[in-house]
Every structure is written in C-alpha cells, then in structure tokens.
Amino acid sequence: FRAVAAYEKTVHDHRTGRKCALCTGPLYDTIINFSEPLPAQPVHRAHHHAKKADLCLVLGSSLTVTPANEIPEIVGQARIGKLVICNLQNTPIDHLCDLRVHSKTDELMTRVMEKLNLPIPPFVLQRRLALKLESTGDERWRLTICGVDVDGTPVTFLKSVKLAYNRRPARSEPFVIDFRGNLDTGTAMKLELEFMGHYCEPSLGITYEYTGGKDAETLYLLEYNPYYGEWHTTEQRSVDNGEGIRDDMDKADDCIMLSSAPEGFPENVRRTRAANILPDMAL
C-alpha cells in the first residue's frame, strides 16, 4: 500500500499520516526503501529454495540490488536447475543463465502461456463498498460509506464521496454525510465516488434507493476493467423482512462514468499481441 499523505520525517518513516477506520491506529505503508533490510525469514527461505529449484525465471529485473539479486545467482551457480532471464538491458549474471531473452515481460509471458495452452484471464479490479443509511432524529439522516475487504476490514480506495445536491463532499474516512429531509420510499440518492486512481480508474456514480427502513445496509461490488475503461456494479442489499430477519437481495446496476480515464493510460494494462511481435522461441 502506498502512502497517500506526505511522510512526516523521512522516506524511512513509514507512517502514511492516516488512521485506521476500525481501530484508529496509525497506518503504515509496506514499501521497502533502499538501504532498508528485507525480512530475514523470507530471504532465508528464498535462498533455501533457490538451491533446489528446477527453474528460476527472472522477469524485468536489472539484478543489481542486493539481496534479491543473490537468489537467481544461486540457481545459476548451482547448475542444478535452469536460469532464464528476461530483461531489456544486460544484467551482471547473464553469463550464468541458460536462456537470455531481450524483450518486455508481458510479451514473453504471453508467448509462454500460449505454448502451454493456458489462457490468461483479463485483469479486473474488484472493490467492495459498504453503505449504511440510518435515522438520527426527526427527518435527520446519516449516510456512512466506506471500502471494505471480504472479511469486513476497512480498505482505503476512495478520495472523496459526494451526495448530489449536497454542497460539500466527504473527504475523510469513514465518509459520513449528514443531511435533513423527508425521505419517501423509492427516493433515489445519487453518489459520486472519487477513487485514489492507482489504476487510472475514473470517478463513478451510483444510485442508492431508499426502501423505507430506518436502518438500511447495502454492499456494492464494484468491478473495473482497465482495458475497456468501464465500471460494472452489483448491489447487495440487506433488508428487514418484518420478522427481525435480514434477507440479502442482489441487483446488477448500470454504472455511470463521471469522467474518462486520464491521458497517458499506462501501457502495462493494455492487451499485448506478442505473437505478432516476437519471433518464435523454443522454450
């Protein structure tokens, strides 16, 4: 997870400046900066497996940063397994590899998967959005919106949430919008979701329909296809059936794109056709 706030001291201060929406504790990024050590146990296990590996495939690495560059070097020196390096530039251990491929990683792996007759599933970004509407008094309402993981843990992927006809958007987690009004059953409330944009995803508009209950919880399953630049939403609503038991109802919605994908859309999420680019390779 990358920080979305400025570092408070140096790059080695891993506090993001944000708080957990669940426990209010400080959030830390998981970036390992230069001069910072890797976790000892994973490094030890990597060295152990490298000594017994049948194949080590290096994809898009200059192999100049320790200690990660030691792992394929172990395979190359042991001569027990095969070492394959795919990188556009030369690496310091090219002389140890059994096969050297000068190409982009995506192009190589597309060809490899074709030869293995294994389809590559398209990447689809999946997000889960929880929305809760509750009454706080006479014609007073509170709308709470937050990202959640599959186990209900809060997840940060939104910058702001704006309710139509409400002047100010909510910009801090959890996103809470208080408003007044007489809500009739069937009243539609339009929300504008602004995302962090790590996948160049555009803002999304969703419509929440009030069903008449005092407290209503809704889970939206959001899927974004970066190749086509499209959102697809599925609404899962928990409703009271009158006997104190909540039932789940699913409904697929048409999504509203509020902005197009930014210019400079990253090439690494575009579909490649390496079969027309690379010569046939015996792998």
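Two strands are taken to pair if DSSP finds at least two bridges between them. The exercises below apply this to a predicted model, whose protein chain holds three helices and 16 strands.

**Exercise 1. The parallel sheet**

Determine in what order strands 3, 4 and 5 form their sheet, and which of them are the edge strands.

*Solution.* Step one is the order: the three strands form an open sheet that reads 3-4-5, and the pairing is parallel. Step two concerns the edges, which are strand 3 and strand 5, since each of these pairs on one side only. From one strand to the next, the twist averages 10°. Step three looks at a single pairing: strand 4 (82-86) runs parallel to strand 5 and is joined to strand 5 by three bridges, and the bridge partner of Ile85 in strand 5 is Arg100.

**Exercise 2. Helices on the sheet**

Describe which strands helix 2 lies across and which strands helix 3 touches, giving the angle for each helix.

*Solution.* Begin with helix 2, which lies across strand 3 and strand 4 and runs at about 135° to strand 4. Helix 3 packs on the sheet as well, where it touches strand 3, strand 4 and strand 5, and its direction makes about 140° with that of strand 3. The next step is to identify the residues of helix 3 (residues 105-115) that are buried, namely Glu107, Leu108, Thr110, Arg111 and Val112. These buried residues pack against strand 3 (55-59), strand 4 (82-86) and strand 5 (99-101). Finally, just after helix 3, the backbone at Asn117 takes a positive phi of about 55°.

**Exercise 3. Two helices packed together**

Find the angle at which helix 1 and helix 2 pack, and decide whether the two are roughly parallel or roughly antiparallel to each other.

*Solution.* Two packed helices are described by the angle between their axes and by the distance between those axes. For helix 1 (residues 40-50) and helix 2 (residues 70-78) the angle is about 20°, and the axes lie 9 Å apart. Angles under 35 degrees count as roughly parallel, and helix 1 and helix 2 are therefore roughly parallel to each other. The crossing of helix 1 past helix 2 is right-handed. At residue level, Ala46, His47 and Ala50 in helix 1 meet Glu70, Ile71, Ile74 and Val75 in helix 2. Sorted by class, this contact has five nonpolar residues, one polar and one charged.

**Exercise 4. The antiparallel neighbours of strand 7**

Work out how many bridges join strand 7 to strand 6, to strand 10 and to strand 8, and locate the positive phi values in the hairpins.

*Solution.* Strand 6 (residues 125-137) pairs with strand 7 (residues 140-148) in the antiparallel sense over eight bridges, and within this pairing Leu129 has Gly147 as its bridge partner. The hairpin of strand 6 and strand 7 has two residues between the strands, and Glu139 there takes a positive phi near 55°. Next, strand 7 and strand 10 (residues 175-180) run antiparallel and are joined by six bridges, with Leu143 partnered by Ile177 in strand 10 and Trp141 standing opposite Phe179 of that strand. Last comes strand 8 (residues 154-155), which pairs with strand 7 in the antiparallel sense over two bridges; here the partner of Val148 is Pro154. Strand 7 and strand 8 form a hairpin with five residues between them, and in its turn Gly152 has a positive phi of about 90°.

**Exercise 5. The two faces of strand 10**

Assign the residues of strand 10 to a covered face and an uncovered one.

*Solution.* In a regular strand the side chains alternate between the two faces of the sheet. In strand 10, the covered face holds Phe175, Ile177 and Phe179, whereas Val176, Asp178 and Arg180 belong to the uncovered one.

**Exercise 6. The setting of Cys20**

Decide whether Cys20 counts as buried or exposed, and state where along the chain this residue is found.

*Solution.* The position comes first: Cys20 is found in the loop between strand 1 (15-19) and strand 2 (26-28). Buried means under 20% relative accessible area, and Cys20, at 19% relative accessibility, therefore counts as buried. Leaving aside residues up to four places away in sequence, Cys20 touches Gly25 and Leu27. The C-alpha atom of Cys20 is separated by 8.9 Å from that of Val155, a residue 135 residues apart from Cys20 along the chain. For the chain as a whole, buried residues make up 33% of the 283 residues.

Note on methods: Residues numbered from 1 in each chain as written. Predicted model: local features only at pLDDT ≥ 70, side-chain atom pairs only at ≥ 80, totals over all residues. Heavy atoms only, no water. Axes fitted to C-alpha atoms, helices over the stretch in contact; angles between N-to-C directions. Helix = DSSP H or I, 4+ residues; strand = E, 2+ residues; numbered from the N terminus. Parallel < 35°, antiparallel > 145°, perpendicular 65-115°, else oblique. Left-handed = near helix turned anticlockwise from the far one by under 90°. Contact = heavy atoms within 4.5 Å. Nonpolar A, V, L, I, M, F, W, Y, C, P; charged D, E, K, R; others polar. Buried < 20%, exposed > 50% of the residue type's maximum accessible area, 1.4 Å probe, protein only.
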